[in-house]
Amino acid sequence: MAQNAAAGPEGNGANTGATSEELLARIISSLEDDKAEEVVQIDLRGKSAIGDYMVICSGRSTRQVAAISEKLVDCLKQEFGRLSKVEGKDAGDWVLIDTGDVIVHVFRPEVREFYQLEKMWLPGGNA
């Protein structure tokens, strides 16, 4: 069954040939380059339909949270042609970036502690 890129948006990486693992690796690299703190990746395959992976990290200030998020979205657009959905960038407390395959949460530390997303998704809360 041969399919071309015009086949439609169904399936992972329909816009690009990038796998969710390649996307995850580039996201982690971008976050590390921008000095994101406490980067945690969670494998969602078989657990949720929202994506294959979730990444949670912190920035030290609202400015850093916004900058990390903005650079990541730009990187994914430039390198993979991915247009990500972004929520919360203007406030800078918690930015959600939905790439389709990987969901990224960038928090200020206090907000991350309050919501404790890792405890909802990781077995035993060993974040």
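Biologist: Let's start with the hairpin of S3 and S4: which residue there takes a positive phi?

Modeller: In this predicted model, that's Gly88, with a phi near 90°. The hairpin has six residues between its strands. The hairpin of S4 and S5 has three residues between the strands, and there Gly100 takes a positive phi near 100°.

Biologist: What makes S3 and S4 a pair of strands?

Modeller: Count the bridges! Pairing takes at least two, and three join S3 (residues 85-87) to S4, so they count as paired. The two strands run antiparallel. Val86, for instance, has Ile97 of S4 as its bridge partner.

Biologist: And how do you know that S4 and S5 pair?

Modeller: Same kind of check. They share five bridges, and the cut-off is at least two, so they pass. They pair in the antiparallel sense too, with Ile97 standing opposite Val104 in S5.

Biologist: Why are S1 and S3 called edge strands?

Modeller: Look at the order of the open five-stranded sheet: S1-S2-S5-S4-S3, with mixed pairing. S1 and S3 each pair on one side only, and that makes them the edges. Neighbouring strands are turned by 15° against each other on average, ignoring direction. Helix H1 packs on this sheet and touches S1, S2 and S5, with its direction making about 5° with that of S2.

Biologist: Which S4 side chains point to the buried face?

Modeller: Val95 and Ile97 point that way and are buried, while Trp94, Leu96 and Asp98 point to the other face and are not buried. In a regular strand, side chains switch between the two faces of the sheet in turn.

Biologist: Why is Thr99 called buried?

Modeller: Its relative accessibility is 6%, and buried means under 20%, so Thr99 qualifies. Thr99 is in the loop between S4 and S5, and it touches Leu23, Ile27, Leu76, Arg82 and Ser84, leaving aside residues up to four places away in sequence.

Biologist: What makes the link from Thr99 to Val102 a polar contact?

Modeller: A polar atom of the Thr99 side chain lies 2.7 Å from the backbone oxygen of Val102. The limit is 3.5 Å, so that distance fits.

Biologist: Why is Ser48 called partly exposed?

Modeller: Its relative accessible area is 22%, which falls between the 20% and 50% cut-offs, so "partly exposed" is the label. You'll find Ser48 in the loop between S1 (37-43) and S2. Its side chain reaches the backbone nitrogen of Ile50 at 3.1 Å. The C-alpha atoms of Ser48 and Trp121 are 10.0 Å apart, though 73 residues separate the two along the chain.

Biologist: What makes the largest group of 20 residues a nonpolar core?

Modeller: Its members are buried residues of types such as Val, Leu and Ile, joined through side-chain atoms within 4.5 Å, so the name fits. Ile27, Leu31, Val55, Leu72, Val102, Val104 and Val106 touch the most other members. At least two residues each come from H1 (20-33), S2 (53-58), H2 (62-80), S4 (94-98) and S5 (102-107). A second, separate core has nine residues, including Val40, Leu44, Ile56 and Leu122.

Biologist: Which residues does Val102 touch?

Modeller: Beyond four places away in sequence, Val102 touches Ser20, Leu23, Leu24, Ile27, Tyr53, Val55 and Ile97. In soluble globular proteins, nonpolar side chains tend to be buried together.

Technical notes:
Residues numbered from 1 in each chain as written. Predicted model: local features only at pLDDT ≥ 70, side-chain atom pairs only at ≥ 80, totals over all residues. Heavy atoms only, no water. Buried < 20%, exposed > 50% of the residue type's maximum accessible area, 1.4 Å probe, protein only. Helix = DSSP H or I, 4+ residues; strand = E, 2+ residues; numbered from the N terminus. Contact = heavy atoms within 4.5 Å. Polar contact = N/O pair within 3.5 Å; in protein donor to acceptor, adjacent residues only side chain to side chain. Axes fitted to C-alpha atoms, helices over the stretch in contact; angles between N-to-C directions.
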